[in-house]
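Q: Hi! I'd like to go through a fold with you, bit by bit. Could you pull it up?

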Amino acid sequence: MNKKHLEVLKEAIENTKKAGFEFVGYCYDEKKETAVIYAHDNDMSLRTVINFNIKVSKPRRRNRDELSAEVMDLLDKGYKQCAIANELGISQSLVSIIKKKM
């Protein structure tokens, strides 16, 4: 793993912990230049895929309550799960988790 990938991975793990999840582990695929971070809390598990080949702007930081409120608001407006994920800059699986919890 090169130094830049390691820095990005460390930051992603740190952000996962800040979000209230317990870091479990990660898997790095050098060929595909991707990493998967595994984490969980009492109610749910989280799998985050990082593709090191794509340049992405950092999403706005939100806490769980704010994010859940934004997802539910867009669901009430009739947005589909994919559109919500794109609009908020989060994964579809996270949208699905929030939907199930509400």
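Q: Thanks! Among contacts in the protein chain between residues at least 6 apart in sequence, what share joins residues at least 24 apart?
A: That share is 31%. Keep in mind that this is a predicted model.

Q: Okay, and what is the secondary structure of the chain?
A: The protein chain has four helices and three strands. Along the sequence, they follow the pattern α-β-β-β-α-α-α.

Q: What does the C-alpha trace span along its principal axes?
A: The span is about 45 × 30 × 20 Å. The chain has 102 residues, and 30% of them count as buried.

Q: And how much area does the chain expose?
A: About 7400 Å², with carbon and sulfur atoms supplying 50% of that.

Q: Let's talk about the sheet. In which order do the strands sit?
A: The order is S1-S2-S3, in an open sheet with antiparallel pairing. S1 and S3 are the edge strands, each pairing on one side only. On average, neighbouring strands are turned by 15° against each other, ignoring direction.

Q: Which helix packs on that sheet?
A: Helix H1, residues 3-18, does, and it touches S1, S2 and S3. The direction of H1 makes about 20° with that of S2.

Q: Back to the strands: how many bridges link S1 and S2?
A: Seven bridges, in the antiparallel sense. Looking at one of them, Glu22 has His40 in S2 as its bridge partner.

Q: And how do S2 and S3 pair, parallel or antiparallel?
A: Antiparallel, over seven bridges, with S2 covering residues 34-40 and S3 covering residues 45-51. The two strands form a hairpin that has four residues between them. If you want a pair to click on, take Ile37, whose bridge partner in S3 is Thr48.

Q: Nice. I'm scanning backbone torsions now, so what is the phi of Glu33?
A: Glu33 has a positive phi of about 55°, although this residue is not a glycine.

Q: Where is Glu33 in the fold?
A: Glu33 is in the loop between strand S1 (22-29) and S2.

Q: Why does Glu33 count as partly exposed?
A: Because the relative accessibility of Glu33 is 30%, and the partly exposed class runs between under 20% for buried and over 50% for exposed.

Q: Switching to the helices: where is Ser68 found?
A: Ser68 is in helix H2, which covers residues 64-76.

Q: Is Ser68 buried or exposed, and what is the relative accessible area behind that?
A: Ser68 is buried, because its relative accessible area is 14% and buried means under 20%.

Q: What does Ser68 touch, leaving out residues up to four places away in sequence?
A: Ser68 touches Ile98 and Met102.

Q: Ile98 rings a bell. Which residues of helix H4 are buried?
A: In H4 (residues 92-101) they are Leu94, Val95, Ser96, Ile97 and Ile98.

Q: And what do those buried residues of H4 pack against?
A: They pack against S3, H2 and helix H3 (81-88).

Q: Last topic, rings and charges. What lies over the face of Phe21?
A: Arg64 does, at 4.5 Å from the ring centre.

Q: And how many aromatic pairs does the count come to?
A: The count comes to one aromatic pair.

Q: Great, that gives me plenty to look at. Thanks!
A: Any time, happy browsing!

Note on methods
Residues are numbered from 1 along each chain as its sequence is written. This is a predicted model: local features need pLDDT of at least 70, side-chain atom pairs count only at pLDDT 80 or more; totals for chains, interfaces and linings use all residues. Side-chain values use heavy atoms; hydrogens and water are left out. Two strands pair if DSSP finds at least two bridges between them. Buried means under 20% relative accessible area, exposed over 50%, partly exposed in between (1.4 Å probe, protein chains only). Contact means heavy atoms within 4.5 Å. Rings of Phe, Tyr and Trp (its six-membered ring) pair if their centres lie within 6.5 Å; planes under 30 degrees apart count as stacked, over 60 as edge-to-face and the rest as tilted. A charge sits over a ring if NZ of Lys or CZ of Arg is within 6 Å of the ring centre and within 35 degrees of the ring normal. Accessible areas come from the Shrake-Rupley method with a 1.4 Å probe; for residues, only the protein chains shown count as cover. Axes are lines fitted to C-alpha atoms, for helices over the stretch in contact, and angles run from 0 to 180 degrees between N-to-C directions.
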